[in-house]
Amino acid sequence: MSVAIVIPVGPDYGHLPEQLAALAGQEDPLEAGVEVVLSCNGSDQAEVERLTARVEWPANWRVRAIDSSERRGPSHARNAGWRSTAATFVVFCDADDLVGPTWLAGLVGELESAELASGVFDYKRLNPGGVGTWGEVGVASLPRKFRHLPFVPSGNLGAHRALLERLDGFDESFDRSEDVDFSWRAQYSGARVALAPGALLSVRRRESGDALFQQAREDAHFDVPLLHRHREHGALWSLRDLLREAAGVAVALVQAPFGGGYRAKLSTRSGRFIGHVLAAPQMLRG
């Protein structure tokens with residue numbers, strides 16, 4: 001068994017040193033050794049290499065950076081990363097989050113019996129001012145979307161290389177929801193999906209209301225191709241869902257004066273709702 005960790009590194013990687021230190025400090029670094037691949041997608045590869053050189057890695061770990069800037073986007077960065085290694089198991093995390101001390105062992109342990117695994121998430125550690133107190137997904141179970149199958153978020157994902165090869169990796173036409181699409185295609189192919197309770201990852205949310213709004217609106221934009229691809233398999237969305245989103249925005253608006261978490265909720269729900277309103281004609285088209 002061989003293991004690789006793939007980290008897409010975009011142009012904003014100020015938190016990368018924290019993530020690298022957390023990875024190097026894993027309680028069980030695996031006796032067989034680990035390959036760490038930093039896939040530089042808009043980042044300065046030379047600077048990323050300097051950052052990795054400052055970290056005291058386990059003796060049997062190999063750490064390297066690759067250039068994946070020929071096509072921008074997280075899906076391409078992840079694909080370039082896993083394709084550059086021959087590892088049996090590939091696990092993915094992001095440059096701005098923070099893995100827990102048993103993250104690697106937790107994911108690898110689940111991959112011994114499942115082809116696709118997700119860790120669990122913490123939203124409070126890295127998000128001050130209450131931003132992490134709302135909308136927690138993947139805390140105790142796998143998240144779902146469009147009343148369809150569960151999915152594994154790409155920032156805390158482990159997969160067999162054979163599964164990645166079978167599905168040709170992440171669809172690079174998706175800048176968002178590529179993890180949902182990949183997870184669903186994996187399950188259609190018969191892959192077993194598991195939750196790894198020991199693989200804790202702390203998520204860093206965007207700090208400003210404008211950034212949260214824009215992120216949610218972009219997510220809603222990519223819901224159009226996601227829904228079109230998977231509607232025939234059972235993914236559902238209707239005007240009733242849009243009305244529920246409108247009600248959620250109204251509730252968040254009332255709550256917004258009572259704290260940063262509520263204001264963050266309002267920004268995200270408003271962005272998603274407006275994105276879905278604009279996309280509704282396409283999303284409702286069969």
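Phe170 is buried, and Phe182 is buried too. This holds for a predicted model, so to speak a computed picture throughout. A search of the whole structure turns up four aromatic pairs, and Phe170 and Phe182 make up one that counts as tilted, with 4.8 Å centre to centre and 40° between the planes. The pair ties together distant parts of the chain: Phe170 sits in the loop between helix H5 (161–167) and helix H6 (178–188), while Phe182 belongs to helix H6, 12 residues apart. Phe92 joins in as well, since Phe92, Phe170 and Phe182 form one aromatic cluster.

Another ring has a charge for company. The charged end of Lys145 sits over the ring of Phe146, at 5.7 Å from the ring's centre.

Now to helix H2, which spans residues 45–53 and has Val48, Leu51 and Thr52 buried. These residues lie on the same side of H2, because the arc they cover around the axis is only 100°. As for what they meet there, the buried residues of H2 pack against two kinds of element: strands S1 (3–9), S2 (34–40) and S3 (61–67), along with helix H1 (16–24). The start of H2 brings in a polar detail: a side-chain oxygen of Asp44 reaches to within 3.0 Å of the backbone nitrogen of Ala46.

Note on methods
Residues numbered from 1 in each chain as written. Predicted model: local features only at pLDDT ≥ 70, side-chain atom pairs only at ≥ 80, totals over all residues. Heavy atoms only, no water. Buried < 20%, exposed > 50% of the residue type's maximum accessible area, 1.4 Å probe, protein only. Helix = DSSP H or I, 4+ residues; strand = E, 2+ residues; numbered from the N terminus. Arc of directions from axis to C-beta. Contact = heavy atoms within 4.5 Å. Polar contact = N/O pair within 3.5 Å; in protein donor to acceptor, adjacent residues only side chain to side chain. Phe/Tyr/Trp six-rings, centres within 6.5 Å; stacked < 30°, edge-to-face > 60°. Lys NZ or Arg CZ within 6 Å of the ring centre and 35° of its normal.
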